[in-house]
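Student: I have a structure here that is new to me. Could you go through it with me and explain the words people use for its parts?

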Amino acid sequence: MAMNSQGRDSTPHSVSVTGDVVTFTGNKALQQEEALIFELDNPGAVGVDLPEPVTTKTRLGGLSPRPGVGLPQLAEPDVVRHYTRLSQKNFAIDTTMYPLGSCTMKHNPRLNEKMARLPGFGDIHPMQPVETVQGALELIDQLAYWLKTLTGMPAVAMSPGAGAHGELCGLMAIHAALDARGESHRRRVLVPESAHGTNPATAAFCGFTVDTIPAEENGRVSVEAVKAKLGDDVACIMLTNPNTCGLFEPQIKEIADAVHAAGGYFYCDGANYNAIVGRVRPADLGVDAMHINLHKTFSTPHGGGGPGSGPVVLSEALAPFAPLPFVVHGKDGFDLIEHAKDAGKAQPFGRLKGFHGQMGMFVRALAYMLSHGADGLRQVASDAVLNANYVLASLKDVMSASFEGPCMHEALFDDRFLKGTGVTPLDFAKAMIDEGYHPMTMYFPLVVHGALLIEPTETESKRTLDQFIGTMRHLAQKAIAGDLAHFQAAPRLTPRKRLDETQAARKPVLRWVKPAPQAVVAQAAE
Ligand SMILES: *Cc1c(COP(=O)(O)O)cnc(C)c1O
């Protein structure tokens, strides 16, 4: 097999070693084979036709720029095709159900997109004078109002750029509040074993030490386990509700009261808010700070690493420490507080972001809220929980459900049903790719062995769920019947087959190296 300089097969042949049909081009009908954009470099090709620049005298005092920065040169159609082809190789919520647990991958309504593109929102600049962006500030204020109303909390910091960034905001507010109380010795943060990895990472990043609370047999956190850890060095607890096992924490109020009695704060990870929105007000559970992932609960798009948005609602005790900037009702309309000296009695801990936050996501989230109304948002939570329980009930005879009883918005299975088959959860996930599904969340949460965490969301119809359930049952039965080869060879239908994940993790190739001219000649001669 001839390899190109990056280790990819470059031999034209009609049947591969695994017996799949391979075409001369590597294309499979509409699935186009695609090289790296650097390999497509066509020196001299351009996408624009600019007039020759006027020659001016250099002002660099004898220094001359290095010629060529090594960027690929291509004509416009080549660039368009390259990125369009790449986009077609991705799973997307617009092409398939995306059952990724913990991530709430719901449909992104087109109405939201239309609103975000209105020129009055889409074409403004964060450095415009506030009198020219009154509508945008009003929108931020309205979204803040609804987030506070839904959660029952008195304040909200709008600028955090995602859930993890919201955790940072919450913990920095807690840090500042403790310092203001003269209790800077409180540096221990309690984090349950089932928590998302961002929780302990955030606590450590803020200079706290992390103390793990073990999970109970039933997947919940007990008030006794929390009490056993409390002391006058505890800064806060970080708790997710519903938790990452898809279960409601029934002792949450007792836990909050115990932490408060010991002088600590309660940070709630609100990533799973979709399961309770419109039904439970976090304020009533004793929460001091909670991030809300607008890209989960309020349907703004995930993807490409962002942009997300993670506003943080804050209790009375933490509100004064919220970061800059924030919107206020000024004398002549809305105003923006940019500096601590203008913040009155508040003591903002600083600034988290250059500007006010993800404006486009604010527009989408408010459009989503207003189009649902209060009754619609309640319905979201109910339908999300119903759909997850439908999946759980339809699969628990063939796959092993980790906990007894119904779940909230996501159904957690573990690898006991694969015992003795030789099929691992990873193999199972790869086989799902061939069936056209993005796998569910794998190996998380860590409290069960070989986790498979499925979150269907409320936007999937019964027909879509039945097709998904049918696929899961088919694969589970195939594994139990001993068809190990099917799983170990998967995925077979993707542009790249099973990767050597160990090699990829241990020796990742992160840099494209231009092949030496001889290598190109030698390859052409093969
Ligand atoms: C998604 C998620 C986070 C992190 O949120 P991002 O927006 O991805 O930064 C934190 N905790 C839980 C439980 C999550 O599901």
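**An aromatic cluster and its surroundings**

Tutor: Gladly! Let's start with three rings: Phe 417, Phe 428 and Phe 487 form one aromatic cluster. Keep in mind that this is a predicted model.

Student: How many aromatic pairs does a search of the whole structure find?

Tutor: The search finds six aromatic pairs. Phe 417 and Phe 428 form one such pair, with 5.7 Å from centre to centre and 90° between the planes.

Student: What makes the pair of Phe 417 and Phe 428 edge-to-face?

Tutor: Two values decide it. The rings pair because centres within 6.5 Å count, and here the distance is 5.7 Å. Planes over 60 degrees apart count as edge-to-face, and the angle here is 90°.

Student: Which parts does that pair tie together?

Tutor: Phe 417 sits in the loop between β11 (411-414) and α10 (425-434), while Phe 428 belongs to helix α10, so the pair links parts eleven residues apart in sequence.

Student: Why is the pair of Phe 428 and Phe 487 called stacked?

Tutor: Their planes are at 10° and their centres 6.1 Å apart, so the pair is stacked; the cut-off for stacked is under 30 degrees. Phe 428 lies in helix α10 and Phe 487 in helix α12 (residues 484-488), so this pair ties together parts 59 residues apart in sequence.

Student: How do you know whether Phe 417 and Phe 428 are buried or exposed?

Tutor: Buried means under 20% relative accessible area. Phe 417 has 10% and therefore counts as buried. Phe 428, at 0%, is buried too. Phe 487 is also buried.

Student: Where is Thr 471 found, and is it buried or exposed?

Tutor: Thr 471 is in helix α11 (residues 462-480). Its relative accessible area is 10%, so Thr 471 is buried. Leaving aside neighbours within four places in sequence, Thr 471 is in contact with Glu 435 and Tyr 437.

Student: What does the domain assignment of the chain give?

Tutor: It gives domain 1 (111-368) and domain 2 (379-506), whose C-alpha centres lie 31 Å apart. In contact are 22 residues of domain 1 and 17 residues of domain 2. The area buried between the two domains is about 1,500 Å², with 64% of it from carbon and sulfur atoms. In domain 1, Cys 245, Asn 274 and Ala 275 lose the most area to domain 2, together 31% of what that side buries.

Student: How many salt bridges and polar contacts does the rule find across that interface?

Tutor: The rule finds zero salt bridges between domain 1 and domain 2, and four residue pairs in polar contact.

Student: What makes the peptide bonds before Pro 242 and Pro 325 worth a look?

Tutor: Most peptide bonds are trans. The bond from Asn 241 to Pro 242 is cis, with omega near -10°, and the bond from Leu 324 to Pro 325 is also cis, with omega near -10°. Pro 242 is placed in the loop between β4 (234-240) and α8 (252-261), and Pro 325 in the loop between β7 (312-314) and β8 (326-330).

Student: What is the phi of Thr 104, and is Thr 104 buried or exposed?

Tutor: Most residues other than glycine have a negative phi. Thr 104 has a positive phi, near 45°. With a relative accessible area of 0%, Thr 104 is buried.

Terms used. Residues are numbered from 1 along each chain as its sequence is written. This is a predicted model: local features need pLDDT of at least 70, side-chain atom pairs count only at pLDDT 80 or more; totals for chains, interfaces and linings use all residues. Side-chain values use heavy atoms; hydrogens and water are left out. Helices (H or I, at least four residues) and strands (E, at least two) are DSSP runs, numbered from the N terminus. Buried means under 20% relative accessible area, exposed over 50%, partly exposed in between (1.4 Å probe, protein chains only). Domain bounds come from an automatic or database domain assignment. Contact means heavy atoms within 4.5 Å. Buried area is the accessible area (1.4 Å probe) that two parts lose on being put together, summed over both. A salt bridge is a side-chain nitrogen of Lys or Arg within 4 Å of a carboxyl oxygen of Asp or Glu. A polar contact is a pair of N or O atoms within 3.5 Å; within protein, one must be able to donate a hydrogen and the other to accept it, and residues adjacent in sequence count only if both atoms are side-chain atoms.
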